[in-house]
Every structure is written in structure tokens, then in C-alpha cells.
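Reader: I have a new model on my screen, and I would like to learn how to read it. Could you walk me through it, step by step?

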Amino acid sequence: MYSANTSSGLRGDYTKARADFTVEQRDHVYGEADHALWRRLYARQAQLLQDYACREFREGLARTDAADGVPELDAVNARLAAASGWRLVAVPGFIPDEPFFRLLAARQFPVTVWLRKPEEFDYLVEPDIFHDFFGHVPMLFDRRFGDYVQRYGEQALRLAHLGAVPLLARLYWYTVEFGLIESDEGLRAYGAGILSSGGETPHAVESPAPLRVRLEAARCMGTAYRIDSFQKTYFVIRRLDELAELMTRDLPPLIAALREQQALSPERLYAGDEPVPPRRGRLAA
Ligand code: HBI
Ligand code: FE
């Protein structure tokens, strides 16, 4: 059952949400058409992943056991808790920053309950359960990645009074959503925004069009991002441990310096950048 909340401008039913913005997933009914659409979305992405997703994502996805229909979060929670201590909670859709960070800091990942419509197969603006679950949950099985996301939530709460949220949001965007990793299998994606998108998956890894640079905290937090097109710059890590390490750095001085600075453009390189070449593949020039 879909209902729109028009006062917030967000899609989803926020009327039954608790103070922490969580809801009961079982109050949302998925029909056979939803399950069929899920299976189509899953099949398309799962086939791309073999070539484009990092090993940890592929292994995590297998452990979700969600190929056959819209998953029940509690069924996955038993396995996820044992693997990494994370727990999935249902939310009506996009939630405000502070409750979002509180959930992450408590190792609870918010998953939107509603699924897109068939005509939105390739693209939608707000996160739905396919993006949130298929895109984000596999990596949460990895303890190193899970530690990063939890610490991100903790630091965002701690540093919000310094005006850090827009800067940290860029880091989240360019890692959790659009991150690439150069592993023993070559360049691969781990970001949920990439791996839940049929078009952006090959683009991010193989297209000669976007820029790719080695992840550096200040460079990444200083760079503006696009929400209406494929990314113009991707940041590349070498090891998943790098991410949690970023969150143990002394961030307040970095935040103070960056707040004074104009946003960097995602459409050009800057002095000191270490460029990373695309992987040779179907999209190579
Ligand atoms: N809420 N459900 C949901 N999903 C998100 O990814 C999300 C959110 N609220 C805030 C938010 N993301 C971002 O603005 C923060 O990362 C800054
Ligand atoms: Fe996301």
C-alpha cells in the first residue's frame, strides 16, 4: 500500500513512525507485482556485479539470500548481527540528519520500506528498499566497513555543532554511495549508489569520461557532488580499513579549515591529486 506524505514533500508514510523514525516493516504490504519487480531489479544488478563489485560486496550479497523477492529485514538480521553486529531497521523513507546519524552510531541501518514503481526501474531520486537493501546491506556484513559507518554516525553527531554535516555528507556520498576500490581484482565498486544502478555500474569502473582520484579526506570533503547525473569524480581506496581510519583522525581542525574554503569542482583535477585510470572494458574509448 503506497501513501504519500505531502507536508514533507517526501514519498512514504511517516504517520506511524516512532520518535527515532523507525516503523514496523510488516505494516507495509508488498504485492506479487512488488516481488516480481524486485526479482527483475535483483537479476539485472546481480549479473553486473560479477564483473564490477568488489569481493566483499559479492560475498555479502550472497549472505542476504534476497534473490527471490522483497526481503524481510528480520530474517536477514539474524545473519547480519552474527557477522558484524549490525541490525536493519525499517524507516518510511528519507529521514532527518540527526536521527539518521543516531541510528548509524547505534549500528542500526535504516532501510526504506517502499519499493519503486515499474516505470522507475532505472532511476529514482529518493532511496527505496531496493537501493537501501541491495546497495547498502551487502557491505555491512564486512566488519571493517561496518565500523566505518558506525564511526561516521558518531562523528557526525559529535561534530555537528561545528558545521561539519555538509562536509561529512560529501565523504559519505563519495565513499558509502559512490566509492571505488582498487583491489587484487582491479578497479571495482563498493558504493551503494553505483551498485544499485544499472547504468552507473559500468560507467563508474570503465568509462573514460569521469575523473578518478585516490581518496584523501580533505580533498573528498571539499568536493561538491551531483545528485542529478552520474558522478564526475570518483574517489578510490586501496583497502577497506582506510575508511574507518579516516574517522579516527583529528577532524575538528580539518573541518575548520574546509569551512573557510570554496567547494572544489567535481569536473577537474587539482594539484596533488593521484589519478587512477579506468579499468579496460566494454566502455573503453
Ligand atoms: N535517510 N533514509 C535515509 N537514507 C539516507 O541515506 C539518508 C537519510 N537521511 C540523511 C542522509 N541520508 C544524509 O543527508 C546524511 O548522510 C548527511
Ligand atoms: Fe544510499
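Reader: What radius of gyration does the protein chain have, and why does it agree with a compact globule?

Author: Happy to start there! Keep in mind that this is a predicted model. A compact globule of 285 residues would have a radius of gyration near 19 Å, and the protein chain has 18 Å, so the two agree. Its C-alpha atoms fill a box of roughly 55 × 45 × 40 Å along the principal axes.

Reader: How many helices and strands does the protein chain have?

Author: The protein chain has 12 helices and six strands.

Reader: Now the ligand. Where does ligand 1 sit?

Author: Ligand 1 occupies the largest pocket. For its surroundings, count residues with a heavy atom within 4 Å. Those around ligand 1 are Gly93, Phe94, Ile95, Asp97, Phe100, Phe101, Tyr152, Ala169 and Tyr172. By character, seven are nonpolar, one is polar and one is charged.

Reader: Which helices each supply at least two residues of that shell?

Author: Helix H4 (97–105) and helix H7 (165–177) do. H4 gives the largest share, three residues.

Reader: Which polar atoms should I look at around ligand 1?

Author: Look for pairs of N or O atoms within 3.5 Å. On the backbone, a polar atom of Gly93 is 3.0 Å from a nitrogen atom of ligand 1, and an N or O atom of Ile95 lies 2.6 Å from a ligand nitrogen. From the side chains, a polar atom of Asp97 is 3.1 Å from an oxygen atom of ligand 1.

Reader: And how much of the accessible area of ligand 1 does the protein cover?

Author: On its own, ligand 1 has 400 Å² of accessible area, and the protein covers 88% of that.

Note on methods. Residues are numbered from 1 along each chain as its sequence is written. Chains are lettered from A and ligands numbered from 1 in the order in which they are written. This is a predicted model: local features need pLDDT of at least 70, side-chain atom pairs count only at pLDDT 80 or more; totals for chains, interfaces and linings use all residues. Side-chain values use heavy atoms; hydrogens and water are left out. A polar contact is a pair of N or O atoms within 3.5 Å; within protein, one must be able to donate a hydrogen and the other to accept it, and residues adjacent in sequence count only if both atoms are side-chain atoms. Accessible areas come from the Shrake-Rupley method with a 1.4 Å probe; for residues, only the protein chains shown count as cover. On a 1 Å grid over the protein atoms alone, a cavity is a set of points where a 1.4 Å probe fits but cannot get out, and a pocket is an open set with protein on both sides within 12 Å along at least five of seven lines; lining residues have an atom within 4 Å of a point. A molecule sits in a cavity or pocket if more than half of its atoms lie within 2 Å of its grid points. Helices (H or I, at least four residues) and strands (E, at least two) are DSSP runs, numbered from the N terminus. Ala, Val, Leu, Ile, Met, Phe, Trp, Tyr, Cys and Pro count as nonpolar, Asp, Glu, Lys and Arg as charged, and the others, Gly among them, as polar. The radius of gyration is taken over C-alpha atoms; the globule rule is 2.2 Å times the number of residues to the power 0.38.
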